[in-house]
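Here's a quick briefing to read alongside the structure. Keep the viewer open and click along as you go.

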Amino acid sequence: MAEPEFPDFKMSDKAPYELPPPRPLTEFLMKGIKQEEMMYGYVFTSRFIKYALEYMAQKIGEETPKDIENLDQLTEYIISKSDKYPTPYAMIPYAQAKTENELQGHTGAGTTMETMALSKDAAKGSNIEGKNMNMDDIILKLSQFLTAMKYSPKEWGYRINRDGSVDFAIPKCFFRDGCRMAYNENLLKRRDGKMRCGLTHFICGYFKLATGYVWDYDFLEHYESHCTVRCSIRYH
């Protein structure tokens, strides 16, 4: 299959790796999952671990341990299997969406808590300031932070539209396995009926901290050779 082309998008500099190394990205994401654990308690954690292990068992074709009881143990286990499954962090959006659907009937509130915690880390790490509306500058700082921390895709692009919205194109998202499985199980609907993307939710949280405005997003294309999403300021 030919590589997708995005002639209208400004492409990021390519990261010096094909995939983010398993440990830094998994540990970063688990910081957000621990925020949900604080919100829901161990009922969330136990189910999240269950679905994460079921996902991993399917991907690596072997039984998973029965004695994993907390998120730190889960983190170490899935990282240890990255030789068999190079994107072990893809299990996080799947297990998270499945758990949230069981606990609240849809995905959304828990994801918001998780991604805002991660957005604050990114905002602090990239030294952004509120009320900055230079979107090129904001996106450049975000890209530099994600690449330096080894959280970024190999390459991604963006375009700023006349109405101020921002479209993102991700040719090869490393979460695609988990998101596609969650989508096929009808787990990605948010309360407003829109579809969930944890990565874009994180970006919108970052934009809020940078600009002072609340942002939301809509999918344009998803889960084939690439994903494209549109982020817009929410005025009501």
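What follows is a short tour by topic, from confidence to the core, the charged pairs and the cysteines.

This is a predicted model, so local features are taken at pLDDT of at least 70 and side-chain atom pairs at pLDDT 80 or more, while totals for chains, interfaces and linings use all residues. Residue numbers run from 1 along each chain as its sequence is written, and side-chain values use heavy atoms, with hydrogens and water left out.

**Confidence**

- The average pLDDT (the predictor's confidence in each residue, from 0 to 100) is 89 for the protein, and 92% of the residues score at least 70.
- Helices (H or I, at least four residues) and strands (E, at least two) are DSSP runs, numbered from the N terminus.
- Helix H3 (residues 71-80) has the highest confidence, at a mean of 97, and helix H5 (residues 109-126) the lowest, at 71.

**Helix H3 and the core**

- Which residues of H3 are buried? They are Leu-71, Leu-74, Thr-75, Tyr-77, Ile-78 and Ile-79, where buried means under 20% relative accessible area, exposed means over 50%, and partly exposed is in between (1.4 Å probe, protein chains only).
- Those buried H3 residues pack against three helices: H1 (22-40), H2 (42-60) and H4 (91-104). Contact here means heavy atoms within 4.5 Å.
- At the N-terminal end of H3, Asn-70 acts as a cap, with a side-chain oxygen 3.1 Å from the backbone nitrogen of Asp-72.
- The largest nonpolar core (buried Ala, Val, Leu, Ile, Met, Phe, Trp, Tyr and Cys residues joined through side-chain atoms within 4.5 Å) has 67 residues. Phe-48, Leu-74, Met-91, Phe-168, Phe-202 and Phe-207 have the most contacts inside this core.
- H2 gives this core its largest share, nine residues.
- Not counting residues up to four places away in sequence, Met-91 touches Met-30, Phe-48, Ala-52, Tyr-55, Met-56, Leu-74 and Ile-78.
- In soluble globular proteins, nonpolar side chains tend to be buried together.

**Salt bridges**

- How many salt bridges are there? The structure holds 18, with a salt bridge being a side-chain nitrogen of Lys or Arg within 4 Å of a carboxyl oxygen of Asp or Glu.
- One of them joins Arg-159 to Asp-8, at 4.0 Å from N to O. Arg-159 sits in strand E2 (residues 157-160) and Asp-8 in the segment before strand E1 (10-11), so the pair ties together parts that are 151 residues apart in sequence.
- Arg-159 is partly exposed at 25% relative accessibility, while Asp-8 is exposed at 58%.
- Another bridge pairs Asp-121 with Lys-31, where the closest N and O atoms are 3.6 Å apart. This pair links distant parts of the chain, since Asp-121 belongs to helix H5 and Lys-31 to helix H1, 90 residues apart.
- Both partners count as partly exposed: Asp-121 has a relative accessible area of 33%, and Lys-31 has 46%.
- Lys-84 and Glu-62 also meet through their side chains, at 2.4 Å from N to O. Lys-84 is in the loop between H3 and H4 and Glu-62 in the loop between H2 and H3, with their positions 22 residues apart in sequence.
- Lys-84 is partly exposed at 45% relative accessibility, and Glu-62 is partly exposed at 24%.
- Salt bridges with shared partners also connect Asp-8, Arg-159, Asp-167 and Arg-230 into one network.

**Cysteines and the Thr-200 neighbourhood**

- The disulfide count is zero, using a cut-off of cysteine sulfur atoms within 2.5 Å.
- Cys-204 is in no disulfide, and its nearest cysteine sulfur, that of Cys-231, is 3.8 Å away. Cys-204 is buried, at 4% relative accessibility.
- Cys-231 is in no disulfide either, and it is buried with a relative accessible area of 0%.
- Thr-200 lies in helix H8 (residues 198-211). Thr-200 is buried or exposed? Buried, because its relative accessibility is 2%.
- Leaving aside neighbours within four places in sequence, Thr-200 is in contact with Tyr-217, Val-229 and Cys-231.

**A long-range pair to look at**

- Asp-13 lies in the loop between E1 and H1 and is exposed, with a relative accessible area of 69%.
- Asp-13 and Lys-154 are 141 residues apart in sequence, yet their C-alpha atoms are 8.5 Å apart in space.

Definitions and conventions:
Polar contact = N/O pair within 3.5 Å; in protein donor to acceptor, adjacent residues only side chain to side chain.
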